[in-house]
Amino acid sequence: MAKLEINQEKITDLSELIKICPFGAMEEKDGKLEINSACKMCRLCVKKGPEGAVTYVEDQKAEEIDKSLWNGIVVYVDHVDGKIHPVTYELIGKAKELAKKISHPVYALFIGSDIKEKSRELLHYGVDQVFLYDDPELSRFKIEPYTAVFEDFIQKQHPSAILVGATTVGRQLAPRVAARMKTGLTADCTILEMNENTDLSQIRPAFGGNIMAHITTPNHRPQMATVRYKVMNAPERMEEEQGEIVECSIEKDKLKTNVEVLDIVLKEKEKFIESADVLVVAGRGVKKEEDLLMLEELADLLGGQLACTRPVAENGWLDAKRQVGLSGRTVRPKLIITCGVSGAIQFVAGMDHSDQIIAINKDEKASIFKVAHYGLVGDLYEVIPQFIEKIKESQGA
Amino acid sequence: MNILVCIKQVPESNKVEVDPKTGVLKRNGAASKMNPYDLYALETAMRLKEELGGEVSVITMGPPQAAQVIREAYAMGADHGTLISDRRFGGADVLATSYTLAQGIKKMGDFDLILCGKQTTDGDTAQVGPEISEWLGIPSVSNVRKITEADGQNITVEMDMPDDIEITRIAYPCLLAVDKDIFQPRLPSYVRKTEKADTEITMLSLDDMDDRDETHYGLNGSPTQVQKIFPPETNHHRELWNEESSILSEKLFQKVKELKFV
Amino acid sequence: MGYKRLDEKDLMYIKQVIGDDERILYGENINEEYSHDELSGTQSYPDVVVKAANAEEISKIMSYAYEHTIPVTPRGAGTGLVGSSVAMEHGIMMDTSLMNQILELDEENLTVTVEPGVLLMELSAFVEDHDFFYPPDPGEKSATIGGNISTNAGGMRAVKYGVTRDYVRGLEVVLPNGKIVEFGGKIVKNSSGYAMKDLMVGSEGTLGIITKAVLKLLPLPKKAISLLIPFENLNSAIQTVPEIIKSKAIPTAIEFMQREVIEDAEEYLGKKFPDHQADAYLLLKFDGNSAEEIEADYDKVAKLCLSQGALDVLISDTEERDESIWKARGAFLEAIKGSTTYMDEVDVVVPRNKISEMVEYMHNLHSEVDIRIKSFGHAGDGNLHAYILKDDLTEEQWQERMTLAMEKIYRKANELNGQVSGEHGIGYAKKPYLNESLEEETMNIMRGIKAAFDPKNILNPHKVCQL
């Protein structure tokens with residue numbers, strides 16, 4: 001049992017020591033220091049406090065596991081009805097990089113129904129083995145049977161690390177599997193690195209992205225991590241196939257479930273600009289109402305929505321609900337492209353927390369360039385049509 | 001209908017900074033509040049109770065002052081509350097936290113439905129709910145954006161997927177993690193707060209659990225270890241491109257491609 | 001009055017003073033927005049817009065304009081509602097929005113010195129970063145501080161903290177003849193002659209152009225809690241307001257809102273309000289140094305409201321909860337605007353104990369005049385905003401019914417010893433109503449003051465008291 005021991009006589013300044021704890025877990029009781037259950041065992045008090053005042057004591061050494069018995073890095077194949085989610089390829093790319101460092105194989109785990117043909121696609125991305133559980137009972141994601149299959153796979157293959165896309169399915173399945181295997185799972189990792197001893201260094205944001213934490217799973221296997229879409233880079237698709245498909249099966253009685261998928265329907269387009277990942281904003285630089293069609297096309301191509309500034313809404317060209325700014329809506333998309341927007345404070349206050357801000361404006365002195373990560377001094381009527389063409393070309397190719 | 005909602009007390013503000021030199025976390029004030037995402041779970045529970053009858057309980061794990069969020073849940077309409085608090089639970093990661101909560105839930109009794117928020121604003125993992133369901137051996141569905149039907153046996157929900165909506169029927173008992181905005185949460189009521197002022201909060205410690213093995217809780221029961229914390233790189237980067245339109249459109253395309261939007 | 005129309009020669013002079021063509025807009029380059037303000041329906045283009053950078057430039061142009069009898073209209077962010085910043089006689093528009101520097105935070109005297117173009121939102125963010133508080137809180141946060149001073153803006157914290165005038169310590173002003181003078185200063189007390197500084201506050205750019213302001217600050221309250229109080233109907237809500245005031249509890253704000261306006265805001269924002277049980281609500285805000293201190297404060301008020309028939313008292317004590325309420329409150333004006341084709345507003349203020357009578361009168365007026373009227377406002381300080389909506393009326397019907405409704409509202413306010421404007425000003429649009437509500441002698445003194453400052457009537461003509 002590891003715990004913190006307090007040596008009261010070594011405490012020089014009680015209130016100074018209490019201040020060190022970021023979680024407010026230390027308090028004074030009758031002139032003595034106590035640690036309450038807000039303690040997160042970050043051990044800052046051990047490191048930053050007076051020498052010996054708080055010590056970290058481990059009574060018994062945790063049982064060491066034999067890490068050499070756990071081999072391979074597996075990527076869970078995220079899909080709906082066999083249509084593979086691109087985060088899968090990104091994770092395969094990462095898995096290959098990690099596996100190379102420790103000379104492990106890369107696996108893919110594909111669970112579904114009637115997916116054998118589709119699994120061949122994975123062979124173009126350089127996995128060593130695709131483990132295929134193809135069963136009508138597994139046609140759609142249901143938490144219990146999918147967990148059972150995952151467990152079956154882990155027990156047979158003993159992978160060292162498991163990467164799962166932080167999609168709707170991945171974010172439910174991974175924790176369920178982690179709890180079943182009684183192992184660690186780190187959510188939404190942004191950086192993954194492999195150590196020589198096969199421990200995975202997992203770096204993730206916490207507190208709404210205000211701090212980063214470096215996490216390891218030193219004494220448990222498999223070690224599990226989820227990663228969001230568009231964080232890692234997918235490898236180039238190879239012409240030839242490489243690796244093999246391993247067909248697996250599981251006893252029918254393990255596939256029982258209390259969940260019934262009634263239907264899968266295509267999601268309607270996001271109605272509100274607040275929930276869009278990408279926004280294209282029309283500003284005063286847009287001369288005519290019909291020119292909005294061009295910007296709408298761009299928004300569609302980027303899977304986003306068209307928004308506007310106050311003058312455009314006041315002209316009646318777009319609904320007031322699409323207006324960004326203090327008297328409109330506050331948005332925080334992943335990407336915002338402003339077109340002919342000057343950047344009045346009224347507008348900027350409604351969007352300046354966007355992840356990536358790209359601004360196009362003819363006027364080099366426009367105040368939008370003070371907030372834009374990438375500012376393009378140019379005519380939107382020239383830049384946008386060419387940009388649209390390039391996107392179309394790339395998508396056609 | 002017996003509904004349980006898992007809630008958590010979190011810092012009022014996410015504004016934490018790491019001193020780049022010392023690596024020490026700096027918090028702006030110690031004020032705390034109920035995890036905002038839990039308000040949606042609580043509101044969902046209240047609506048189901050209004051429709052189907054029954055009772056709503058809440059459970060939280062934390063220091064003694066976390067009783068405050070149970071009082072708040074009472075003011076929003078919860079009937080019973082349990083606080084799991086023990087120094088020996090300190091330093092718990094997702095696995096140990098979900099295990100502790102599951103142990104506590106077993107002590108509280110049988111529930112038809114357990115509701116969780118999407119995630120917390122401090123940990124941000126969205127994993128504790130699904131792990132609780134595993135420990136309890138019940139099915140779970142996350143990203144619930146809408147409840148389309150609920151009766152005494154089953155609940156039908158819409159699960160929000162990247163491009164689709166999966167409509168799923170689950171038999172009780174089960175656990176649902178609901179999305180933000182499933183319902184607009186109600187405000188705490190002064191009247192209710194006054195009425196419930198004397199309602200007790202059940203306290204549970206390690207000694208009350210069925211499993212009293214200390215190595216399953218807190219830091220010892222946590223497979224993951226935080227090696228260090230550090231400040232994120234901030235995006236102060238600014239570039240101004242003043243060139244021909246053809247060059248601009250090419251640079252724009254390359255940038256948007258690099259950012260993975262095409 | 002014979003004004004000289006701006007010509008090439010005048011423009012040359014202006015160009016020479018400013019020395020930067022980018023700060024001068026002329027002819028076709030003048031954006032449409034410079035021809036009107038936010039709401040008043042008044043439209044007139046200036047001949048030239050000058051974006052001044054300092055008091056000296058303004059001084060030089062003013063003395064030239066004075067010499068040549070060219071009209072000058074000062075302007076900030078253009079967010080006014082009554083046409084104060086519209087150039088009725090064309091001429092020069094003096095835009096001070098580029099003068100947007102915060103010059104000094106004086107922690108010893110608890111003052112901040114600013115240029116007029118600083119936006120209200122910038123000012124409050126700046127002082128709050130330094131643990132100070134600038135209490136005036138009008139809904140339009142992108143207004144300039146110069147504009148706020150010119151209309152003596154009030155806002156939502158007036159019940160406890162007063163209005164802009166209470167926070168102006170000193171002003172630097174360019175007079176119509178171009179002379180630069182200072183009124184007041186960092187001093188806390190002042191009995192030295194007429195209250196020139198207070199005369200400038202609320203003068204809507206008719207007496208001088210503000211080029212610098214010394215503002216008073218308070219220590220920042222650490223915590224605020226709002227109470228949303230549902231009532232069966234508007235009457236019982238409004239009738240509780242005088243009781244709250246009588247109870248000597250001091251909330252920073254007492255607002256009232258009705259279901260239909262809330263529904264407009266929900267539609268406009270695409271976001272649900274956190275409560276739907278009632279037809280009418282009071283919204284109170286309390287501030288202080290800790291949650292405990294504030295809870296002790298509001299407890300008495302909560303009990304009082306319940307005894308007056310409130311259905312409940314709902315507590316908003318976090319940022320998310322506050323946002324779900326106050327964001328809706330902040331969107332009322334735009335939401336009502338979005339619910340109709342065109343609208344006009346009244347901004348009457350009555351003694352606080354007459355508030356329920358005034359609200360009920362307005363509420364019942366639609367049946368009398370057959371026009372849709374929506375209202376909300378600062379019930380705690382007696383200041384009511386009512387919006388008269390055009391909807392599908394023909395222009396003729398609209399003019400007739402709107403005028404009738406306005407006259408009736410102002411007459412009622414007068415009867416209750418109220419005033420024409422609480423915080424939006426008189427400008428161009430509300431002059432007839434001011435003329436009617438004040439005594440002839442008072443109007444004459446006002447005109448005399450105007451003449452003393454501006455004998456040639458070149459600064460913002462046709463506004464406030466000039467017919």
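Axes are lines fitted to C-alpha atoms, for helices over the stretch in contact, and angles run from 0 to 180 degrees between N-to-C directions; helices (H or I, at least four residues) and strands (E, at least two) are DSSP runs, numbered from the N terminus. The model is a predicted one, in which local features need pLDDT of at least 70 and side-chain atom pairs count only at pLDDT 80 or more, whereas totals for chains, interfaces and linings use all residues. Residues are numbered from 1 along each chain as its sequence is written, chains are lettered from A and ligands numbered from 1 in the order in which they are written, and side-chain values use heavy atoms, with hydrogens and water left out.

Within chain B, helix α3 (residues 94-108) and helix α4 (residues 128-136) pack with their axes 8 Å apart and at an angle of about 50°. The two helices α3(B) and α4(B) are therefore oblique to each other, given that angles under 35 degrees count as roughly parallel, over 145 as roughly antiparallel, 65 to 115 as roughly perpendicular and the rest as oblique. Their crossing is right-handed, the near helix being turned clockwise from the far one by less than a right angle (anticlockwise would be left-handed). The contact (heavy atoms within 4.5 Å) involves, among others, Leu95(B), Leu101(B) and Ile105(B) of α3(B) and Ile132(B), Trp135(B) and Leu136(B) of α4(B). By class, this contact of α3(B) with α4(B) has ten nonpolar, two polar and two charged residues, where Ala, Val, Leu, Ile, Met, Phe, Trp, Tyr, Cys and Pro count as nonpolar, Asp, Glu, Lys and Arg as charged, and the others, Gly among them, as polar.

Helix α4(B) also meets chain A, since its axis and that of helix α6 (residues 170-181) of chain A come within 8 Å and cross at roughly 45°. Helices α6(A) and α4(B) are therefore oblique to each other, and their crossing is right-handed. Residues including Arg171(A), Arg176(A) and Arg180(A) in α6(A) meet residues of α4(B) that include Glu131(B), Glu134(B) and Trp135(B). The residues of the contact of α6(A) with α4(B) divide into five nonpolar, two polar and five charged.

Chains A and B also share an open sheet of ten strands, in the order β17(A)-β11(B)-β10(B)-β9(B)-β12(B)-β8(B)-β1(B)-β6(B)-β7(B)-β13(B), with mixed pairing (two strands pair if DSSP finds at least two bridges between them). Strands β17 (259-266) of chain A and β13 (202-204) of chain B stand at the edges with a single partner strand each, so that one side of each is left without a neighbour in the sheet. From one strand to the next the twist averages 30°. Strands β10 (residues 154-160) and β11 (residues 164-171) of chain B pair in the antiparallel sense over seven bridges, and Asp160(B) stands opposite Ile165(B) in β11(B). Helix α2 (residues 67-76) of chain B packs on the sheet, where it touches β6 (55-61) and β7 (80-84) of chain B, and its direction makes about 170° with that of β7(B).

Between chain B and chain C, 16 residues of the former are in contact with 23 residues of the latter. The area buried between these chains (the accessible area, 1.4 Å probe, that two parts lose on being put together, summed over both) is about 1500 Å², of which carbon and sulfur atoms give 54%.
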